[in-house]
Amino acid sequence: MEFIALIVLVALYQFLFIPILKRKIGYIKSSEPKVFYDYKTKWQLPFELAVIALCMIAIILLTPTLGLATTIFIFIAFVTILVTRGILEKRYESDFRHYVVSFSHAIAMTLAFIGILIYASIMK
């Protein structure tokens, strides 16, 4: 039942909230379609790959000690990447206001993680 509620919430967020938010802020799609994210600086991709690598190393090394608590590293990695993207989008393409979507993704991830922690503590 919890998984169904989670899937419904993610679907509402992705297919209802984000399109409405994009329309309200005047989100402009780039004219040329891109397979990957449009990186703003030459160091952004290596930075994101380094964050992912650190997250994986921390999970591998600390899982025997921390157990399921190592999932916090995944949350930290996602939020770090999204906030960095938002900051760079605000700095280099502030006209497009794409940073609003990046920041809303980071806030949604934070709220979801806090919700899972609260649910887990209540169900314990």
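These are my notebook entries on what I looked up in a predicted model of one protein chain.

**Entry 1: the overall layout**

I began with the secondary structure, and I found four helices and zero strands in the chain, so that the pattern read along the sequence is α-α-α-α. I then noted the extent of the C-alpha trace, which spans about 50 × 35 × 20 Å along its principal axes. Of the 124 residues of the chain, 24% count as buried. I also looked up how far apart in sequence the contacting residues are, and among contacts with a separation of 6 or more, 66% come from residues 24 or more positions apart.

**Entry 2: helix α2 and its surroundings**

Which residues of α2 are buried? I listed Q44, E48, V51, C55, A58 and I59, and I noted that these buried residues pack against α3, which covers residues 71-92. Following α2 (44-66) along its length, I came to a kink of about 35° at I60, shortly before the proline P64. Just after the helix, G67 takes a positive phi of about 70°.

**Entry 3: T41, in the loop before α2**

I next turned to T41, which is found in the loop between α1 and α2. Is T41 buried or exposed? Its relative accessible area is 15%, and because the cut-off for buried is under 20%, T41 counts as buried. The side chain of T41 makes a polar contact of 3.2 Å with the side chain of W43, and a polar atom of the T41 side chain also lies 3.4 Å from the backbone nitrogen of Q44. Leaving aside residues up to four places away in sequence, I found that T41 touches L88 and Y92.

**Entry 4: salt bridges**

I reminded myself that side chains of opposite charge can pair when their charged atoms come close. How many salt bridges does the structure hold? The count comes to three, and I went through them one by one.

K40 forms a salt bridge with D38, with the closest N and O atoms 3.9 Å apart. K40 counts as buried at 19% relative accessibility, whereas D38 is partly exposed at 31%.

K40 also forms a salt bridge with E93, where the closest N and O atoms are 3.7 Å apart. Since K40 lies in the loop between α1 and α2 and E93 in the loop between α3 and α4, this pair ties together parts that are 53 residues apart in sequence. I therefore drew D38, K40 and E93 as one network of salt bridges.

The side chains of E48 and R85 also meet in a salt bridge, at 2.9 Å from N to O. Why does this pair tie together parts that are 37 residues apart in sequence? I found that E48 lies in helix α2 and R85 in helix α3, so the bridge runs from one helix to the other. Both partners are buried, with a relative accessible area of 4% for E48 and 18% for R85.

**Entry 5: charges over rings**

I met R85 again when I looked at the aromatic rings, as R85 lies over the face of Y37, at 3.9 Å from the ring centre. In a similar search I found K22 over the face of Y27, at 4.6 Å from the ring centre.

**Entry 6: aromatic pairs**

A pair of aromatic rings is described by the distance of the centres and the angle of the planes, and I used both values here. The structure holds five aromatic pairs, one of which is Y13 with F17, a stacked pair at 5.6 Å centre to centre and 20° between the planes. Both residues lie in helix α1 (residues 2-25), four residues apart, which is about one turn of the helix. F17 is partly exposed, with a relative accessible area of 40%.

I then examined Y99 and F103, whose ring centres are 6.2 Å apart and whose planes stand at 65°, so the pair is edge-to-face; the cut-off behind that word is an angle over 60 degrees. Y99 and F103 are four residues apart in helix α4 (residues 99-123), and are therefore separated by about one helical turn. I recalled that an α-helix has 3.6 residues a turn, so residues three or four places apart point the same way. Y99 counts as buried at 15% relative accessibility, while F103 is partly exposed at 26%.

Notes
Residues numbered from 1 in each chain as written. Predicted model: local features only at pLDDT ≥ 70, side-chain atom pairs only at ≥ 80, totals over all residues. Heavy atoms only, no water. Phe/Tyr/Trp six-rings, centres within 6.5 Å; stacked < 30°, edge-to-face > 60°. Helix = DSSP H or I, 4+ residues; strand = E, 2+ residues; numbered from the N terminus. Buried < 20%, exposed > 50% of the residue type's maximum accessible area, 1.4 Å probe, protein only. Lys NZ or Arg CZ within 6 Å of the ring centre and 35° of its normal. Polar contact = N/O pair within 3.5 Å; in protein donor to acceptor, adjacent residues only side chain to side chain. Contact = heavy atoms within 4.5 Å. Bend = angle between axes of the 7 residues up to and from the residue. Salt bridge = Lys/Arg side-chain N within 4 Å of Asp/Glu carboxyl O.
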